[in-house]
Amino acid sequence: MPLFKRKPFGLAEPPEDLDPNDLVYQVRFTKEIFRDYQEYLNRINLYRQRVWMCKCTGKTNMTFEEALVSEKHASRKVQDLPKEVVEPALRMIQFSMLSLKDLADVIAKKLQKDLFVGAQLYGRKEGGLYPCKVLKVVENGVKETEYEVAWVDKNREMTENAELHGEDLVWKKTPFSRRILKSFIREATCRSIPWVLHENLAQKHGITTDLPLELRSRYFFRDGQLVNRIKKRKNENGKNEELVKYPIDDLLVQPGPDDPLFTDRPSPSRDFSVPMDCVGDLLMVWEFCSSFSRLLHLWPFSLEDFENALCHKDSNLVLIAETHSALLRLLMKDGGEYSLALKNKKRKPKITLITWTEYICDFLEMINITKLSSYLTTIKRGHYGLLDINAKLGVLHELVGHALETDLIRGKLDELIEQRQELGAIRRGEALEFARKRREEKELLKGESGANGLMKENSPESTGSNPHIAETGNPIIETADMVKETSSSRESNDFNNRMQFDCPSKNTENKQMDSKVHAANVTNSYEKDAQRQLTGDKKDAEEKKSKEKREQRRDYFEREMEKRSIRTNPLGKDRDYNRYWWFRRDGRIFVESSDTKQWGYYSTKEEVDALIGSLNCKGERERALHKQLEKLYSKICMELQKRSKDLAHKIALEEAVLRRSTRVRAPPRENPANAFLRRVGNFKLIYVYFYGMYGGLDSGHWLKKDLEALGWSCFDPFILFVTSNR
């Protein structure tokens, strides 16, 4: 059975009181049965994670099914071991304290020396090696063991028998490798160091299961398992408790005296305009349209505008029409089933604000889903806005699902993946180049330090009173003149004394010269120290500049990777398996319950701080969530502050309109929630574009003030595009 994080993993017990007619969920490769779909899904997701280890081969980073297949292959190889080898190997394994590698080496050496009946090897005969097969082990008392063998010819037939000593028999290729022995050891044992055989396997081969005397002081059996006599500590109440290594499963975490002060987790806001069971589809459709807005030729819109537009009863809202039309145009460009259906109905390739619902009906007829087909009559009558929210999101959900299968979207995803791989390769190359330069600098500094040490040994301070070392600068080589001078020093002593007595002025001059040389040396040392300090300051400045440059490059790679994001993953889960999502284009942190039935969100920095402070890092899930929130904390706060400023700015503008002079009639106040109604769509712009060229408007005098007079915003990018081409 595969190991979960190097530990045994127990399968789920079948449900009690299971009726044969009950509908259940079964895992294909473990035959586990679940009544609840969420439990089944959690177990499947666990099996798909790469946290499993093959018990026989020791391979890690595998899924459960991959580890299971690996164990089956390894067990087949282990079964090929000769039966005569199994029992001696098991006796050496039982209660051994060696590591896996050492134990496999010991078994291999032992089995290579002790030959067994049926072993096929090579024997020495007439000065050469010939294939043979062991037929019988012959024991001749005190003498060495002999083996009766049969010589094997080229056709693998036994010709004649002979008796050979063990030294005359040679393995050309052992029937087992160390890898197979390791797999055999893992498969035959239920515990490592000391290695303990499975009870039924030990009984089958007559191997004792009693602990050796030297191990009884450290281990003991409890409930059929070998337990280590670990040290236990006593708490203040005198109860024994085992040391716990964190992080562990969040549901097993108990409050402790060393825990920090956790804040109360804030309750998320749930004031959605759409029903609670539609929030997931709402976020999915909006995130898809925002991520592929350029490919869809769709100007991005906020989540609030999209939510309010879906809840509005108007059937020809520009935002809704644009969204559906962009997805339908993508299906038409793909040339798939939908495009063929339109050709059969002889539809025009251009979708307008008036005819977009007809193309929706064609799509619903093509997919032929019973639940959605029941809304065809209402849509054909022109009452799309009167549909239920579930129906609107159901149609959009199917459109997005078919859009993901188009070649355009798949090609875009492949392009993003290639760009991410290129960025990753550039980042790895820069990291390797930086590491190479650092190694070269260290080697250079090491060489300079060695040279400086040698110069220091040869300096006047280190030579001391030795005149020869001071003059020559070489403390190792001693010339013949130096030896001769030393031997004749006594003979010339009187002469030197007389010279000093007769010439006192020369001694004074020598002392003055020595003081000048000493002063020059001190000055040079000060200059060298100043130069060294200047060089050190320059190096520190260069290192600081290099560090800033590396940080800028790292931020650049993170931004580019974020631009080429392929999918949005949850930030993590809390102890109750609630998922936390963050969408950069919205700023809020959304909370999804474990059963996906409840949704909420946090929209302020204070709520995010309280959420982070409530997470217990002793648990595995909350530890990972805390790490991810800390990593993205600055970006999340920046987006939330930007969102708050935008809302405050809108409110301030509306209040400023109401505070105008009473002599000027103020326009009615516009609700920010109805901003989606003022959206200028592609249809209106295209109509005005053609009207200006071929109609009554003079395109040469089409200026921004004329557009403002028509009620359009000049900051709309489509308006700027049109005006720039006039």
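Trainee: Over residues 682-726, how many contacts beyond four places in sequence does the model have?

Mentor: This is a predicted model, and pLDDT stays under 50 over residues 682-726. Where pLDDT is low, the predicted coordinates should not be read in detail. With that caution, the number of contacts beyond four places in sequence for residues 682-726 is 45.

Trainee: For residues 461-507, what is the number of contacts beyond four places in sequence?

Mentor: Residues 461-507 also form a stretch where pLDDT stays under 50. Contacts beyond four places in sequence for this stretch number 16.

Trainee: Which element of the protein chain has the lowest mean pLDDT, and which the highest?

Mentor: The protein chain averages a pLDDT of 77, and 75% of the residues score at least 70. Among its elements, the lowest mean, 38, belongs to helix 27 (residues 717-724). The highest mean, 96, is that of strand 19 (residues 589-592).

Trainee: Between which domains does the second largest pocket lie?

Mentor: The second largest pocket has a volume of about 1300 Å³. Its lining takes residues from two domains, so the pocket lies between them. They are domain 1 (3-76) and domain 3 (241-268 + 570-667).

Trainee: Which element gives the largest share of the lining of the second largest pocket?

Mentor: The lining of this pocket has 26 residues, and Phe4, Lys5, Leu46, Asp249 and Glu620 lie nearest the centre. Two or more residues come from each of helix 1 (37-48), strand 17 (572-573) and helix 23 (620-631). The largest share is 5 residues, and its source is helix 1.

Trainee: How do the lining residues of the second largest pocket divide into nonpolar, polar and charged?

Mentor: The lining residues nearest the pocket centre include Phe4 and Lys5. For the whole lining, the division is 12 nonpolar, 5 polar and 9 charged.

Trainee: What is the bridge partner of Phe4 in strand 5?

Mentor: Strand 1 (residues 3-4) is joined to strand 5 by 2 bridges, and the two run antiparallel. They belong to an open sheet of 3 strands in the order 2-1-5, whose edge strands are strand 2 (7-8) and strand 5 (52-53). In strand 5, Phe4 has as its bridge partner Trp52.

Trainee: Why is one side of strand 17 left without a neighbour in the sheet?

Mentor: The sheet is open, with 4 antiparallel strands in the order 17-18-19-20. Strand 17 and strand 20 (599-602) stand at its edges, so each has one side without a neighbour, being left with a single partner strand.

Trainee: Which residue of strand 18 stands opposite Gly572?

Mentor: Strand 17 pairs with strand 18 (residues 579-582) in the antiparallel sense, over 2 bridges. Opposite Gly572, in strand 18, stands Tyr580.

Trainee: How much space lies in the largest cavity?

Mentor: A search of the whole structure finds 1 cavity of 30 Å³ or more. The lining of the largest cavity includes His312, Asp314, Trp356 and Lys392, and divides into 6 nonpolar, 4 polar and 2 charged residues. The space in this cavity is about 50 Å³.

Trainee: Which peptide bond is cis, with omega near 5°?

Mentor: Most peptide bonds are trans. Pro247 is found in the loop between strand 16 (240-241) and helix 7 (279-291). The cis bond runs from Tyr246 to Pro247.

Trainee: What is the phi of Lys31?

Mentor: Lys31 sits in the loop between strand 3 (25-26) and strand 4 (33-34). Most residues other than glycine have a negative phi. Lys31 is not a glycine, yet its phi is positive, about 65°.

Terms used
Residues numbered from 1 in each chain as written. Predicted model: local features only at pLDDT ≥ 70, side-chain atom pairs only at ≥ 80, totals over all residues. Heavy atoms only, no water. 1 Å grid on protein atoms, 1.4 Å probe; cavity = no way out; pocket = protein on both sides within 12 Å on 5 of 7 lines; lining within 4 Å. Points joined across faces, edges and corners; volume = space filled by probe spheres on them. Nonpolar A, V, L, I, M, F, W, Y, C, P; charged D, E, K, R; others polar. Domains from an automatic or database assignment. pLDDT = per-residue confidence, 0-100. Contact = heavy atoms within 4.5 Å. Pairing = 2+ DSSP bridges.
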